[in-house]
Every structure is written in structure tokens, then in C-alpha cells.
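Visitor: Please take me through one part of this model up close. I would like to see how helices meet, and then how that part sits in the whole.

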Amino acid sequence: MAGKGTKKERGDTRRRIQDVALELFVRNGYEKTSLREIAEILEVSKPAIYYHFKSKEDILLSIFQDLSRPVDDIISWGRQQPRSLETKQEILRRYSAALEASVPLVRFLRENEATLRDLKVGKEFGQQMTTIGEMLTDSDTSLTGQLRCMSALLTLHFGTFALPSIPGDAQEKRSALLEITMEMMAAAYPEEA
């Protein structure tokens, strides 16, 4: 029985480290956040953090996996679907839900773009965005249509980041943002809309 409590405590500590680290990464930036600061806020020693994570980048990678898994699932699902407007819009719906569940991480990604380019997390995130973008467009889509598709994806990203600063009901704001991205996607494929 003691083993279960210990495993739960390790899981709780790991989650607390991730939560505090993400909060500091968002507030101070990745580069300006140290493991010492994370340990001080948690009131633990640095070795306690090293028990769970090898490095600051390892903490970030574990946090990123929370967004990465649903996006990988979206990509896997999308590859098995017909390349229709309906599929593309469903990809955006699912991606919107994944972003909504990870707003602090989205904020961190946006505010630390330069740093992320050099980290494994940034490269993986960039690859996922490239793949989603490719799934939203077709080679025979007009240039204007392709740009609308990419703009829909970027609008979803920027909007998710910006929504908290816009007054109003959170669910209404998310619905309005999704509606705008759906309209952009439909405008890219007028023959299917």
C-alpha cells in the first residue's frame, strides 16, 4: 500500500514541477527561468527536480507532450480521411480543442519562438504545424486558397493566445474564433462549400 502512495506522490510532484515551470516560462521566458527558481517556488531541492527531470529542456519536453499527443492523434486521424472541406474543417475543430486545453503552453510557444527554434520541442512543434498546414491544402488549390488555409490555422493560433484579453464569455469567444476559421477554410474551397 505504501508503494501506491509513493508513486502517486511522485506523479503529483512531477505535475507540480511542470505546472510551476510552465508558469515561470510564460512569465519570465524559458531562458530566464532556472531550475533553482522552480525548486525555490516548490520548496524542494534541485536534486528533487533532477529525480524527475534531467534538465530544464526535459521539463519543457514533458509539458509539450501534453499538446503534442492530441495533435499527433489529429494528424493520424486526418491522414485516414478523404481530403474534403469537411475533413479540413474537422481538423481545425479538433485542433482548436487541443489548443483550448493547452492555453498556457500556447502562450509560452508564442512568446518564446526564438528560443524554441534551437530546442527539440520547437522543431517537433514546427513539424506538426507543417503537417497540419499540408493537410489543410491541396496541390491544386489556388495560391489564394492556400493562403486562406494557412491564415485559418494562424488565426486559430493567434486567436487562442489573444482570447483572454478580449472581454466576453470564454465559450462564446472560442465559438466565434472557430466560426471565423471555418469561414476562411470554406472560402478557400468555394466549390465544396
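Guide: Start with helix H4, residues 56-79, and helix H6, residues 103-111. This is a predicted model. The axes of H4 and H6 come within 10 Å. They cross at roughly 120°. An angle from 65 to 115 degrees would count as roughly perpendicular, and one over 145 as roughly antiparallel. The crossing fits neither range, so H4 is oblique to H6. The crossing of H4 and H6 is left-handed.

Now look at the side chains. Which residues of H4 meet H6? They are Leu60, Ile63, Phe64 and Leu67. On the H6 side, the partners are Leu105, Phe108 and Leu109. Sort the residues of this contact by class. Seven are nonpolar. No polar and no charged residues take part.

Stay with the numbering of H4 for a moment. Two residues in the contact list of Thr131 are Ile75 and Arg79. That list leaves out residues up to four places away in sequence. Thr131 itself is found in helix H8, which covers residues 120-136. Is Thr131 buried or exposed? Its relative accessibility is 9%. Buried means under 20%, so Thr131 counts as buried.

Glu57 also falls within the residue range of H4, 56-79. Compare its place with that of Gln171. The two are 114 residues apart along the chain. Their C-alpha atoms are separated by 33 Å. Gln171 is found in helix H10. Its relative accessible area is 42%, and Gln171 is partly exposed.

That brings us to H10, which spans residues 170-188. Take its pairing with helix H5, residues 85-100. The axes of H5 and H10 come within 10 Å. They cross at roughly 150°. Angles over 145 degrees count as roughly antiparallel, so H5 is roughly antiparallel to H10. The crossing of H5 and H10 is right-handed. H5 brings Leu85, Lys88, Gln89, Leu92, Arg93, Ser96 and Glu100 to the contact. H10 brings Arg174, Leu178, Thr181, Met182, Met185 and Ala186. What classes do these residues belong to? Six are nonpolar, three are polar and four are charged. Set that beside the contact of H4 with H6, where the count was seven nonpolar, no polar and no charged.

H10 has another partner. Helix H9 covers residues 143-162. The axes of H9 and H10 come within 8 Å. They cross at roughly 170°. H9 and H10 are therefore roughly antiparallel to each other. From H9, the contact takes in Gly145, Arg148, Cys149, Ser151, Ala152, Thr155, Leu156, Gly159 and Thr160. They meet Leu177, Ile180, Thr181, Met184, Met185, Ala187 and Ala188 in H10. By class, nine residues of this contact are nonpolar, six are polar and one is charged. Look again at Thr181 and Met185. Both belong to the contact of H10 with H5. Both also belong to the contact of H10 with H9.

Next, go back towards the start of the chain. Arg36 is found in helix H2. Arg36 is partly exposed, at 44% relative accessible area. Its C-alpha atom is separated by 12 Å from that of Ile17. Along the chain, Arg36 and Ile17 are 19 residues apart.

Where is Glu43 found? It lies in the loop between helix H2 (35-42) and helix H3 (46-52). Glu43 is exposed, with a relative accessible area of 74%. Its backbone deserves a look too. Most residues other than glycine have a negative phi. Glu43 is not a glycine, yet its phi is positive, at about 60°.

Finally, step back to the whole chain. How many helices does it have? There are ten, with zero strands. The C-alpha atoms fill a box of roughly 60 × 35 × 35 Å, taken along the principal axes. The chain has 193 residues, and 44% of them are buried. Its accessible surface comes to about 10,900 Å². Carbon and sulfur atoms account for 53% of that surface. Now consider the contacts with a separation of 6 or more. Residues 24 or more positions apart account for 71% of them.

Notes. Residues numbered from 1 in each chain as written. Predicted model: local features only at pLDDT ≥ 70, side-chain atom pairs only at ≥ 80, totals over all residues. Heavy atoms only, no water. Axes fitted to C-alpha atoms, helices over the stretch in contact; angles between N-to-C directions. Helix = DSSP H or I, 4+ residues; strand = E, 2+ residues; numbered from the N terminus. Parallel < 35°, antiparallel > 145°, perpendicular 65-115°, else oblique. Left-handed = near helix turned anticlockwise from the far one by under 90°. Contact = heavy atoms within 4.5 Å. Nonpolar A, V, L, I, M, F, W, Y, C, P; charged D, E, K, R; others polar. Buried < 20%, exposed > 50% of the residue type's maximum accessible area, 1.4 Å probe, protein only. Areas by Shrake-Rupley, 256 points an atom, 1.4 Å probe, with all protein chains shown as cover.
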